[in-house]
Amino acid sequence: MSSNNATSNVVSVDEQAFEKADEAAVDEEGFEVVDETPEFQATVQMEVQAKVDANHPDGMVDTSDERIYGATLEQEERIRAREAELERISAQAELGTQEGREKRTRNIAAKRSAERRAEFQKRAASVNPMADPERGDPRAELTQEQLAAVNKQSMRLAKKLDGWSRAAIGRRLGEAVVGGKDLMSAVVGVFEELQTAPGTVVPIGKLEDVNRKEVSIEGQVEVLWDSDSPAIAQVGLIADESGKTKVTIWEKSDAPWIEEGEQVRIHGAARNWYEGRVSLAVTGWSTLHFPERGRWWE
């Protein structure tokens, strides 16, 4: 007789499969069945291609609000760096346009330059009292007779010294006279000093007395010779009232061609010595001027 109270344990298919998952399968003879299905693994080329695809902008997923969508890490770093640079430039431009800043900077620079110049002149005054910046014009210490003579001689020297004003020459003469020299000695000394000063056209006859490497001269081209060296464009003699000297124009100087008989002024000629005589060379740092060229009205 069957009973209605009989119970049965109903197990689902999933549970049965889970319970038998650890049980090894056996064949009819009781031997364990080995699954010989091959396991597939990615090759090296496939792994490399997967990394490339993952970093490609089209395949990249924006996982953070701080990341730049569609950009690799390298591209993002470059973009961030460029943005930071632009912000820095913008900040500098904003500071540079502040009202009055540029003018204040110029004033400060000029003030410091004047202070350094005054300090240098004070140190120079320990050797030459006339260089003291606090010392007034030495001509104020001259008598009326001395001052008149100094002014007369300064006017005469200004006509002979190109580039020097009468006031500058007069101050030099006043310093020499106050320093104890008689007027004639002061005139000779100042004339020789300013005649060979930097930037002044030096008389050719005074080239031996100049202690600088580069000088400026003016004279007439007397003669030109043929050069045996391809490195020399022209060579010849240039003379003025005080003397003459040999001038070599190097090919690499790219200087204009000179002609015999014309007047020429050379700035920045290199001073050389050859067999006990001074000579000049026109280099790439030299410039040539021809006062008489282009005067078509004569």
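Here are three short exercises on this predicted model, each with a worked solution.

**Exercise 1. Confidence along the chain**

Find the mean pLDDT of the protein chain, then look at what residues 1-8 do.

Solution. Start with the whole chain: its mean pLDDT is 77, and 70% of the residues reach 70 or more. Now go to residues 1-8, where the pLDDT is below 50. Apart from near neighbours in sequence, this stretch has zero contacts in the model. Where pLDDT is low, the predicted coordinates shouldn't be read in detail.

**Exercise 2. Two helices that pack**

Work out how helix H5 and helix H6 are oriented to each other, and which residues make the contact.

Solution. First, locate them: H5 covers residues 144-160 and H6 covers residues 166-178. Next, take the geometry: they pack at an angle of about 135 degrees, with their axes 8 Å apart. Angles over 145 degrees would count as roughly antiparallel, and 65 to 115 as roughly perpendicular, so H5 and H6 are oblique to each other. Their crossing is right-handed. On the H5 side, the contact residues include Val150, Met155 and Leu157, while H6 brings in Ile169, Leu173 and Val177, among others. Sorted by class, the contact has seven nonpolar, five polar and one charged residues.

**Exercise 3. An unusual backbone angle**

Where does aspartate 254 sit, and is it buried or exposed?

Solution. Begin with the place: aspartate 254 is in the loop between strand S3 (243-250) and strand S4 (263-274). Then check the backbone: aspartate 254 has a positive phi of about 55 degrees, though it isn't a glycine. Most residues other than glycine have a negative phi. Finally, the relative accessibility of aspartate 254 is 71%, so this residue counts as exposed.

Methods:
Residues numbered from 1 in each chain as written. Predicted model: local features only at pLDDT ≥ 70, side-chain atom pairs only at ≥ 80, totals over all residues. Heavy atoms only, no water. pLDDT = per-residue confidence, 0-100. Contact = heavy atoms within 4.5 Å. Axes fitted to C-alpha atoms, helices over the stretch in contact; angles between N-to-C directions. Helix = DSSP H or I, 4+ residues; strand = E, 2+ residues; numbered from the N terminus. Parallel < 35°, antiparallel > 145°, perpendicular 65-115°, else oblique. Left-handed = near helix turned anticlockwise from the far one by under 90°. Nonpolar A, V, L, I, M, F, W, Y, C, P; charged D, E, K, R; others polar. Buried < 20%, exposed > 50% of the residue type's maximum accessible area, 1.4 Å probe, protein only.
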